[in-house]
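Good morning. Please have the sequence and the structure open in front of you, and I will go through a few parts of it.

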Amino acid sequence: MKELITTDGARLAYQDTGGDGVPLVMLHGWGQTQAMFRHQIEGLAPGRRVVTVDLRGHGKSGKPHHGYRIARLSRDVLELVDHLGLDRFDALGWSMGVSVWWSFIDQYGTGRIRRFVAVDQPPAVAAVPWMTEREQRDSGAIFDVSGLLYLGAALAGPEGDTVRADFVRGMFSGEPDPEVLAFVTEEIRSTPAHAAVPLLFDHCAQDWRDVLPRIDVPTLVIGCEGSHVHPDSQRFVAERIPGALLHVFPSDVANSHFPFLENPPAFNAVVEKFLAEEPPRGA
């Protein structure tokens with residue numbers, strides 16, 4: 001594991017496999033860690049260079065008392081790719097990691113991104129009152145505002161560990177693999193409440209729908225029938241990004257928000273096929 005100190009003093013723990021070809025930079029979701037991608041680091045094409053990072057407040061990275069906003073996390077990612085000298089790379093985000101990439105694109109553009117993979121993230125998590133019911137459905141909103149406030153308060157309270165465990169369990173349909181559930185439940189414990197709660201609020205308060213039509217690189221959107229994120233929201237994302245492809249895993253292949261952990265071969269095959277495709281003529 002390597003480390004980078006950001007311009008505002010946060011310590012980021014990252015891994016760089018240092019292979020050949022276009023690097024793939026992978027970002028994990030809220031409360032989780034780069035270990036989510038343990039089956040992708042070597043399971044994708046042999047020799048592919050893969051970069052993963054524990055976002056600030058997560059995993060083995062520092063837990064400062066500042067910077068828990070999606071915009072700051074995207075700045076951290078910019079500083080990481082600058083540090084590694086990555087002028088051209090493929091970007092993959094899962095859950096909140098997709099939002100970090102959307103913020104990156106919104107602020108810094110797509111000039112350095114060759115291909116983009118967005119895994120199971122709604123474009124707007126909170127159903128704010130000024131959205132119509134149709135917009136809330138299209139966006140895949142998971143909470144209303146009062147529900148988001150209640151969850152934040154519960155996570156910050158004395159029963160926070162139990163609330164986290166219940167929150168994780170809700171991301172699986174049916175009976176999950178006990179090892180996968182235990183792994184995810186343990187990893188989320190690495191993010192303390194002082195980081196997790198304000199970041200969750202900032203993350204869920206964002207609305208990325210206006211960014212989607214401005215994504216001008218080849219994009220693959222991945223959903224999962226068994227996830228708490230409704231696949232229709234992933235269809236909406238794919239429809240809004242010009243030329244985007246959509247792949248939804250049926251529940252007999254993966255049955256949760258974590259297809260890369262549940263069925264690594266199936267997930268890796270879909271991602272590798274997309275990354276290996278030749279760009280369109282004239283691109």
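How are H4 and H7 oriented to each other: roughly parallel, roughly antiparallel, roughly perpendicular or oblique? Before I answer, note that this is a predicted model. Now, helix H4 covers residues 145-156, and its axis comes within 9 Å of the axis of H7. The two axes cross at roughly 170 degrees. An angle over 145 degrees counts as roughly antiparallel, and H4 and H7 are therefore roughly antiparallel to each other. As for what touches what, H4 brings Leu148, Leu149, Leu151, Gly152, Leu155 and Ala156 to the contact. From H7 come Ala193, Val197, Leu200, Phe201 and Cys204.

Compare that with another pair of helices. H5 is residues 160-169 and H6 is residues 178-187. Their axes come within 10 Å and cross at roughly 140 degrees. That angle falls outside the parallel, antiparallel and perpendicular ranges, so H5 and H6 count as oblique to each other. The crossing of H5 past H6 is right-handed. On the H5 side the residues in contact are Ala165, Val168 and Arg169, and they meet Leu181, Val184 and Thr185 in H6.

Now follow the chain out of H6. The loop between H6 and helix H7, which is 193-205, contains Thr191. Is Thr191 buried or exposed? Its relative accessibility is 1%, so Thr191 counts as buried. Setting aside residues up to four places away in sequence, Thr191 touches Gly31, Gly57, His58, Arg164 and Ala196.

Next, the sheet. Eight strands make up an open sheet with mixed pairing, and the order across it is E1-E2-E4-E3-E5-E6-E9-E10. Which strands stand at the edges? They are E1, residues 2-5, and E10, residues 245-249. Each has a single partner strand, so one side of each is left without a neighbour in the sheet. On average, neighbouring strands of this sheet are turned by 20 degrees against each other, direction ignored. As a reminder, strands of a sheet pair through backbone hydrogen bonds, either parallel or antiparallel.

Let us start from the E1 edge. E1 and E2 run antiparallel and are joined by four bridges. One pair to look for is Ile5, opposite Arg11 in E2. The two strands form a hairpin with five residues between them, and Gly9 in the turn has a positive phi of about 85 degrees.

The next step across is from E2, residues 11-16, to E4, residues 48-54. These two also run antiparallel, with four bridges between them. Here Asp16 stands opposite Val51 in E4. On from there, E3, which is residues 20-27, runs parallel to E4, and five bridges join them. In this pairing, Leu24 stands opposite Val50 in E4.

Why is E4 described as largely enclosed by the rest of the structure? Seven of the seven residues of E4 are buried, so that description follows. Both faces are covered: Arg48, Val50, Thr52 and Asp54 are on one side, while Arg49, Val51 and Val53 are on the other.

After E4 comes a loop that leads to helix H1, residues 70-83, and Lys63 is found in this loop. With 27% relative accessibility, Lys63 counts as partly exposed, because partly exposed covers the range between the 20% and 50% limits. A polar atom of the Lys63 side chain lies 2.7 Å from the backbone oxygen of Gly59. Not counting residues up to four places away in sequence, Lys63 touches Gly57, His58, Tyr68, Ser190, Pro192 and His194. Lys63 and Ala10 are 53 residues apart in sequence, yet their C-alpha atoms are 7.7 Å apart in space.

My last residue is Arg72, which is in helix H1. How does its relative accessibility classify Arg72? The value is 15%, so Arg72 counts as buried. Its side chain makes a polar contact of 2.9 Å with the side chain of Asp76. Leaving aside neighbours within four places in sequence, Arg72 is in contact with Thr6, Thr7, Asp8, Arg56, Gly67 and Glu79.

That is the end of my part.

How values were computed:
Residues numbered from 1 in each chain as written. Predicted model: local features only at pLDDT ≥ 70, side-chain atom pairs only at ≥ 80, totals over all residues. Heavy atoms only, no water. Pairing = 2+ DSSP bridges. Axes fitted to C-alpha atoms, helices over the stretch in contact; angles between N-to-C directions. Buried < 20%, exposed > 50% of the residue type's maximum accessible area, 1.4 Å probe, protein only. Contact = heavy atoms within 4.5 Å. Polar contact = N/O pair within 3.5 Å; in protein donor to acceptor, adjacent residues only side chain to side chain. Parallel < 35°, antiparallel > 145°, perpendicular 65-115°, else oblique. Left-handed = near helix turned anticlockwise from the far one by under 90°.
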